[in-house]
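Subject: Structure for you to look at

Hi,

Here is the structure I promised to pass on, with my notes underneath. Have a look at it first, then read on whenever you have a moment.

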Amino acid sequence: MSNQTNQETRQWGSRFGYLMVAAGAAIGLGNIWRFPYLAYQGGGGVFLVVYIIVVALIGHPMVQMETAIGRYTGKDTVSAFQRINKKWGFAGWMANVCTLMINMYYVVVGGWVAKYAFQYLISGDFGSDKQAYYDNFTSSTVEPIVWSMILLAFVSILLYFGITNIVEKISKVMLPLLFALLIVCGIWAFFVNENAIEGVKYYLLPDFSKFSFTTFAQAATQVLFSVGIGWGLYVTLGANIPKENNLKSDAIMVSVFDTAAAILAGFVIVPSAFSGGVDIESAGPSLVFNVMTDIFDKLPGGRIIGFCFFLAILFAVISSLFSFFEISVRTFEDNRHMGRLKASVLTAVIIGIGNIFVSLGFGLLSGVQLPWIDAGGFKTLGIYDWLDTFTAYLLMPIGCILVCIYIAKVWGFKDFEKEVTNNGKFGHVSLYEKLLTVVVVPFFMIVILLTVFGFIK
């Protein structure tokens, strides 16, 4: 097991197993933690419509392209890009840098989720001031780091045995449970909240007068973070897919699962917040931790549903981290010729060091500010915000543009079509799909880049 390099031993045990791991990679904090408050800010139903359109236009084709690149070589992100052109290894290394930096803050927030789920399990007591509880916990020096290390160790140990081994078996159970928990929470929120129907109407019925360019830009950015495109995720997972699998339909299924999870999370949060009179827009990222706990505290069965809700988020976090970690583990294992154990330990150490700094950035190191430059001039960001901005709003869009160039110019549509369609067995790459690759996806990414640097308001 120390050198797991044989492609046959790495292949997924079943198509369902792959879809659950891939969907688990996509379904994470972006869907449950971030999507609901962005949907509210973006006008509710109109944001939902725009988001679904953007997933179809850039999410699905990017998943398909990245998966094809991965399956073609059966190796890590760096080796995959080098297969056609040695000079393109930089694209794989950029993906690894991006995912390592994402893991540095993702594990920390995942540790918060684990703490809240555990607290619901043992007592459900967050005190009378939920905001104070949240602030005191996240800013403390030791406890958040401990929870992060527990999560880091759990994911790393399971990944040592290979993502197509124990992880695939766990994902087959965890993902269906995740959807079941979200459905239960959504039904509960609808029936126990007095004004739930108003929240559902706002969430589902589009009012196109609320549409703005900001809505479009937020939806496009959220797709990058939520679906997980532009940083080698599906290149890594695609390396394990057997040649007979239909990559086109698999990409559709992954996109559908991811979008469904985001919509279900909104069904829990938006009606509950409406009923509690919560200003979702101002609550923002803290919505799940201090606002939802306050709402659950005031409603019948709140402790039970609160535990189920945070358990669902924890499942989403763990299922994502399996694939996030695997990107770097596979690169160290294949491209740097390390054994599986050394690759797993090195990945965990790098991420763990980053976790410590990010966690302390909410407390002891809160005064540390990192530079950022945009059209408005020079500004500074905290450690977490800087990493989030640098990865989700800069490296991911650049990564998507590079994949499009790689498919269209380096690999070529002819050879790409052979891989993605199994030499024509599953249709062909249409003119529409080619236009998405060379025009639509790059355009969306340029819009995101111009937005993050302040050129578009």
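Asp-374 and Lys-379 bring their side chains together in a salt bridge, with 3.3 Å from N to O. Please keep in mind that this is a predicted model. The two partners differ in cover: Asp-374 counts as buried because its relative accessibility is 17%, under the 20% cut-off for that class. Lys-379, at 36% relative accessibility, is partly exposed.

The setting of that pair is a small piece of sheet. Strand E1 (residues 370-374) runs antiparallel to strand E2 (residues 377-381), and five bridges pair them. The connection from E1 to E2 is a hairpin of two residues. Asp-374 also takes part in the strand pairing, where its bridge partner in E2 is Gly-377.

How many salt bridges does the structure hold? The count is 13. Beyond the one above, two others seemed worth pointing out to you.

The first is between Lys-243 and Glu-419, whose side chains meet at 3.2 Å, N to O. Lys-243 sits in the loop between helix H12 (233-238) and helix H13 (247-275), while Glu-419 belongs to helix H19 (residues 413-420), so this contact ties together parts 176 residues apart in sequence. Lys-243 is partly exposed, at 44% relative accessible area, whereas Glu-419 is buried, at 9%.

The second joins Glu-326 and Arg-340, with an N to O distance of 2.7 Å. Since Glu-326 is in helix H16 (residues 302-334) and Arg-340 in helix H17 (residues 340-360), the pair ties together parts that are 14 residues apart in sequence. Are these two residues buried or exposed? Glu-326 is buried, with 0% relative accessibility, and Arg-340 is buried with a relative accessible area of 0% as well. They also belong to a wider arrangement: Glu-326, Arg-330, Glu-333 and Arg-340 are linked in a network of salt bridges.

Between those two helices there is a backbone detail to check. His-337, in the loop between H16 and H17, has a positive phi of about 60 degrees although it is not a glycine. His-337 is exposed, with 68% relative accessible area. Asn-422 is another non-glycine residue with a positive phi, in this case near 55 degrees. You will find Asn-422 in the loop between H19 and H20, where it is buried at a relative accessible area of 16%.

Now to the pockets. The largest pocket holds about 670 Å³ of space. Its lining is made up of 32 residues, and those nearest the centre are Arg-34, Thr-221, Asp-388, Thr-389 and Tyr-393. Several elements give two or more residues to that lining: helix H3 (29-41), helix H6 (89-122), helix H11 (213-228), E1, E2, helix H18 (383-411) and helix H20 (431-452). Which of them gives the most? That is H11, with seven residues. The two strands of the hairpin are thus on the list too, which links this part of the story back to where I began.

On the surface, you may want to look at a nonpolar patch. Ile-183, Ile-187, Phe-190, Phe-191 and Ile-197 form it, and together they have about 490 Å² of accessible area. Helix H9 (residues 166-192) makes the biggest contribution, with four residues. One residue of H9 is Ile-187, which is partly exposed at 46% relative accessibility.

Just past H9 comes a last item. Glu-194 is in the loop between H9 and helix H10 (196-204), and it counts as exposed, with 75% relative accessibility. How far apart are Glu-194 and Leu-151 in space? From C-alpha to C-alpha the distance is 37 Å, for a separation of 43 residues in sequence.

If you would like a place to start, try the Asp-374 and Lys-379 salt bridge and then the lining of the largest pocket, to which E1 and E2 both contribute.

Happy to talk any of this through.

Best wishes

Notes: Residues numbered from 1 in each chain as written. Predicted model: local features only at pLDDT ≥ 70, side-chain atom pairs only at ≥ 80, totals over all residues. Heavy atoms only, no water. Patch = residues over 30% accessible without salt bridge, like charges linked within 9 Å, V, L, I, M, F, W, Y side chains within 5 Å. Areas by Shrake-Rupley, 256 points an atom, 1.4 Å probe, with all protein chains shown as cover. Salt bridge = Lys/Arg side-chain N within 4 Å of Asp/Glu carboxyl O. Buried < 20%, exposed > 50% of the residue type's maximum accessible area, 1.4 Å probe, protein only. Pairing = 2+ DSSP bridges. 1 Å grid on protein atoms, 1.4 Å probe; cavity = no way out; pocket = protein on both sides within 12 Å on 5 of 7 lines; lining within 4 Å. Points joined across faces, edges and corners; volume = space filled by probe spheres on them.
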